Each structure stands twice: as structure tokens, then as C-alpha cells.
Amino acid sequence: MPQGFLTWLDAQQGRQYELHERHINPAFVKTIRTIGFDRNYIRGEGEWLFDAEGHRYLDLLTGWGMFALGRNHPRVRSILEQVLSRDMPNLVRMDCSLLAGLVAEKLVSHACADSGQGLSRVFFCNSGTESVEAAIKFARCHTRKPRILFCDHAFHGLTVGSLSLNGSEFFRERFGELMPGTEKLPFNDLAALERALQAKDVAAFVVEPVQGKTCEVVADGYLEQATRLCHRAGALLVVDEVQCGLGRTGKWFAFQHWREAEPDIVCVAKALSGGYVPVGAVISRAAIMDSVFDGMERCVVHSNTFGQNDLAMAAALATLQVMEEGEIPSRVAKLGESTIARLTEIGRTCPFVYDVRGKGLMFGIDFRRPESPLKLRAAWDALHLLNEGVFSQTVIVPLLHEHHILAQVAGYHTELIKFLPPLTVSEEAIDYFLVAMRKVLDNLQRPAAAWDTVCTLAKGAATQLTR
Ligand SMILES: Cc1ncc(COP(=O)(O)O)c(C=O)c1O
């Protein structure tokens, strides 16, 4: 490789799809090409992506939620550069990292600020799924009970433990036997939870306060009652805030919207990365961690090689500082509320829109077969005959092609389009999004023109590219 790495890299531009097709994931490339998403992005700044042709795109997908501060936040980058320039020892392993201690201190202070008293220990890992794996192990070790409860439509990651808590058959099937002792419950159903806890053999109930796949929010009173039911049965309440945590819903942690919710374990990841370095964290009551690491011999009985690495910790610290100084959670609460309200208004103008829901800057539009007019119902049926999951593409495709807005389908075989803007997104960008959304929804009601293109694009795409 020649000396100037970036010059060399620039010379390779344009080869990415061909390389991925050959060496990484041809099915993915086929899907991206089929729906015309095979752009050549070369730069990211805040809520914007730029392609090689000089087009600007509004990023409401944020890398599945990790760019909470937008791309290349100058403060996070500067802190990372400073850390890199220091030649720090990093991951000595037979010492204690100052950076990790400082991140833990901040996470704990925010977790305990409202409800959440007693969440005083942090375990660091490298991803969301790894944080859920740790939560499962910690809960079993602390309670010495076998079963784990989870919710319908839940998404907690794709490694075997977290996959065993996945609420969708699509992700589970074909991977053989998953972890035993798990049980799926309907979301927001306290009676089902109470029944499942009856035998007192449950280690944990794992729940997303706002579900990533559905944008459904826990009902008022649900987490409080779940706390009570779990604790009465000797089970732990684990809230998975990998996606909805760290300001995303308008509080530092989503569970803090409900004052008497008292989770025992909180999982975070995505946003903590500052958009730069993979990281995950499990925040837990001290007694739980003490059961796991209960002596010198077992002090690394659950551990990993890369956890607490300097760059991840510096990115996390920088992220938390930026969020604190910008009072990001309160900003999100206000902007999210007005955005969801405005989108709901727009949704009322379109018979395909069934619901607009979410919390803060995590929201989605749910579509359904319209009762009337007949013309639209027939168009819906025709599209579903073509491909079960294709309707959502009639929204995300024109959003990208005509308005340069990047969004995602939230779940497999669902009709929900989800939006996860950066928490720092400007009000102007939100205005731009809402105007575009209105146009896309208006166009959906003129099937002939808009749908022809989309049908052609979507015909070959048997997948919805969902996570
Ligand atoms: C709620 C939730 N938990 C866990 C995960 C898994 O995180 P990761 O992809 O970092 O493993 C995700 C990822 O989307 C998520 O949304």
C-alpha cells in the first residue's frame, strides 16, 4: 500500500459494491441495488451524508441508532484525537483504566438521577447484544433461577442468548436449538407476566421500554407494576435500552419516564459509541455484580478482551459530556413531541396510515390496508400479492430517491417505517423531513404514477432489510 493511505483509498472509490458482492454479502448487495440504494457515500457531517456526486442526504437511520450525535461530531473526534496522540498504555489488563472508571461514574449518576436508585455498577462490553448476554448471565447467577421472559416483537441482538429472546420467528428460524428456559409474553400484558412469574423460577424479565421493532411504548404503570411483580417473585427486571437509552426518548434513560420503575439491570450501547467506537455497557445493582464476581478467583469470570478500551471509553465520555452540556435529553423531549404531533397530523391525511407512535426522537409510521377508497385497498392488495413486505418500500424508496432522506423498515413483515434522527438534528431538517413525508404520502394516494416505479424496483427484493 502506498504511503498516503487516504490517497490510496480515494483511488479505490466505487469498488465497494463489487467487493461486497464478491467477498462479504452478495444478497445484501442485490437488495440494495434492487431498491436503488447503492449510493456512493463519501462524507458524513451531523445529520447529513454526502455522496460522490455531491448530493446531500438527511440521515434518519443513523446507522441503526448509533449516530445519536450525528456523524463525526467535532467534540467527540477531537477527544479521540487527543487520546490517540497520547500513546496511552490502553488495556494493560492487570490495572484499572481511569477512563472506564470515569464513564462508569457518569453512567451511574444519570441512571440514579430520577428513579433507578441503586444502579451503581457498570460492566463494559463491545455491543448491544453482548450487553444482553451479560444481563442474562448476571440474572441467572444472582437469582440461581433458570428462566428468562421476553416480549413479543422484542429485539435484543442476534447472538445465541439474545436471539433466544427475539420475538420474531424470522430471526430465530434455521439456527438450531436456542437457549432453553425462555418464554415469550405479549407486550404490555401484566396479567401474562404475573402468570409467567407464578412458579418463582424466573431469573429475569427482559423488556425494551420502547420497542425497536414496533415503536410501541410501554403503557403508563406497566414498568412500575412489572418491577413489583418481578421483585415479588424473586426475578430481576432488565430494561434493554440499547436503542431507546441515552437521551433518545427525551430522558437519559427511557425507564425514567415512569418514576416508580426500578429496573435491576439496564443495557446500553449504540449512542454511547459517539458514532465512532463499538461499545456496550450493563448498569446494575451492586448486589447482582457481587454475586457474579464474588471473590478474587472469580473477578473476571465474565469478561472480554476489548471491553474498556481507551478509544471506546473516550468516545463514551465525550458523548456523555456533549449530551450533558447540550441538555440533549430535554431538547429531544420537546423536539420529539412536536415532531410526532406534526407527523400524526400529516398521517391523518393518508388512508394507509394506521398509527404514528414512539417517544422522543424514536418514532414510526405504521401502515395498514385501508377500508376505503376501494382504489387504494385494491392497490394495497396488489402490492401484497407481489411481495408480502413491499409496501414499506413504497415509502422508503421515494423518500431516498426523490427527497434524499434515508429511513428504514422497522421489522420483518411489518409495515412500520422507523425514524431515528440524530438527537442533535436541526429543526430545519425536521421541517424538511415533514414536508417530504407529506409529499410521499400524497403520492401514495395516486397509485399509478408512484407505484409503477416502486413495483419495478421492489419486485426482486424479497427482503426488507430490517434490523
Ligand atoms: C433494543 C436492542 N437491543 C440489542 C440490540 C443489539 O445490539 P447490537 O446490534 O449492537 O448487537 C439492538 C440492536 O438493534 C437493539 O435495538
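**Figure 1. The hairpin of strands S2 and S3.** In this predicted model, strand S2 (residues 48-51) runs antiparallel to strand S3 (residues 56-59), and three bridges pair them. Two of the partnerships are easy to pick out: Leu49 has Tyr57 of S3 as its bridge partner, and Phe50 has Arg56. Four residues sit between the two strands of this hairpin. Look in the turn for Gly54, whose phi is positive at about 90 degrees.

**Figure 2. The open sheet that holds the hairpin.** Here the view takes in four strands in the order S1-S2-S3-S13, and their pairing is mixed. Strand S1 (41-45) and strand S13 (405-406) are the edge strands; each has a single partner strand, so one side of each has no neighbour in the sheet. The parallel part of the mix is S3 with S13, paired over two bridges. One residue pair to find there is Asp59 with its bridge partner in S13, Leu406. As a reminder, strands of a sheet pair through backbone hydrogen bonds, in either the parallel or the antiparallel sense.

**Figure 3. A second open sheet, with a helix packed on it.** This one also has four strands, now in the order S11-S12-S15-S14, with antiparallel pairing. S11 and strand S14 (408-409) stand at the edges with a single partner strand each, so one side of each is left without a neighbour in the sheet. S11 and S12 run antiparallel and are joined by six bridges. Within that pair, Asp355 has Asp366 of S12 as its bridge partner. Helix H14 packs on the sheet and touches S11 and S12. Its direction makes about 180 degrees with that of S11.

**Figure 4. Where the two domains meet.** The domain assignment splits the protein into domain 1 (21-73 + 328-459) and domain 2 (88-325). Taken over C-alpha atoms, the domain centres are 29 Å apart. Domain 1 puts 26 residues into the contact, and domain 2 puts in 27 residues. On the domain 1 side, at least two residues each come from helix H14 (328-347), strand S11 (353-359), strand S12 (362-367) and strand S15 (416-419). H14 gives the largest share of that side, five residues. By class, the side of domain 1 that touches domain 2 has 15 nonpolar, seven polar and four charged residues.

**Figure 5. Helix H5 against helix H13.** Helix H5 (residues 74-84) packs on helix H13 (residues 310-325) at an angle of about 145 degrees, and their axes are 9 Å apart. The crossing is right-handed. From H5, the contact uses Arg75, Val76, Ile79, Leu80 and Val83. From H13 come Asp310, Leu311, Ala314, Ala315, Ala318, Thr319 and Val322. Sorted by class, this contact of H5 with H13 has nine nonpolar residues, one polar and two charged.

**Figure 6. Helix H6 against helix H13.** Now the packing partner of H13 is helix H6 (residues 98-111), at an angle of about 35 degrees and with the axes 9 Å apart. H6 passes H13 in a left-handed crossing. Leu99, Ala100, Leu102, Val103 and Lys106 make the contact from H6. On H13, the residues are Asp310, Met313, Ala314, Ala316, Leu317 and Leu320. The class count for the contact of H6 with H13 is nine nonpolar, no polar and two charged.

**Figure 7. Around the ligand.** The ligand is surrounded by 15 residues. The closest are Gly128, Thr129, Gly157, Val242 and Gln243. Helix H7 (residues 128-143) supplies the largest share of this shell, three residues. The shell divides into five nonpolar, seven polar and three charged residues.

**Figure 8. Two backbone spots to zoom in on.** Ser372 and Pro373 are joined by a cis peptide bond, with omega at about -10 degrees. Pro373 lies in the loop between S12 and helix H15 (374-386). The other spot is Arg93, which is not a glycine but has a positive phi of about 80 degrees. You'll find Arg93 in the loop between H5 and H6.

Note on methods:
Residues are numbered from 1 along each chain as its sequence is written. This is a predicted model: local features need pLDDT of at least 70, side-chain atom pairs count only at pLDDT 80 or more; totals for chains, interfaces and linings use all residues. A residue is near a molecule or strand if its C-beta atom, placed from the backbone, lies within 6 Å of it. Ala, Val, Leu, Ile, Met, Phe, Trp, Tyr, Cys and Pro count as nonpolar, Asp, Glu, Lys and Arg as charged, and the others, Gly among them, as polar. Two strands pair if DSSP finds at least two bridges between them. Domain bounds come from an automatic or database domain assignment. Two residues are in contact if their C-beta atoms, placed from the backbone, lie within 7 Å. Axes are lines fitted to C-alpha atoms, for helices over the stretch in contact, and angles run from 0 to 180 degrees between N-to-C directions. A crossing is left-handed if the near helix is turned anticlockwise from the far one by less than a right angle, and right-handed if clockwise.
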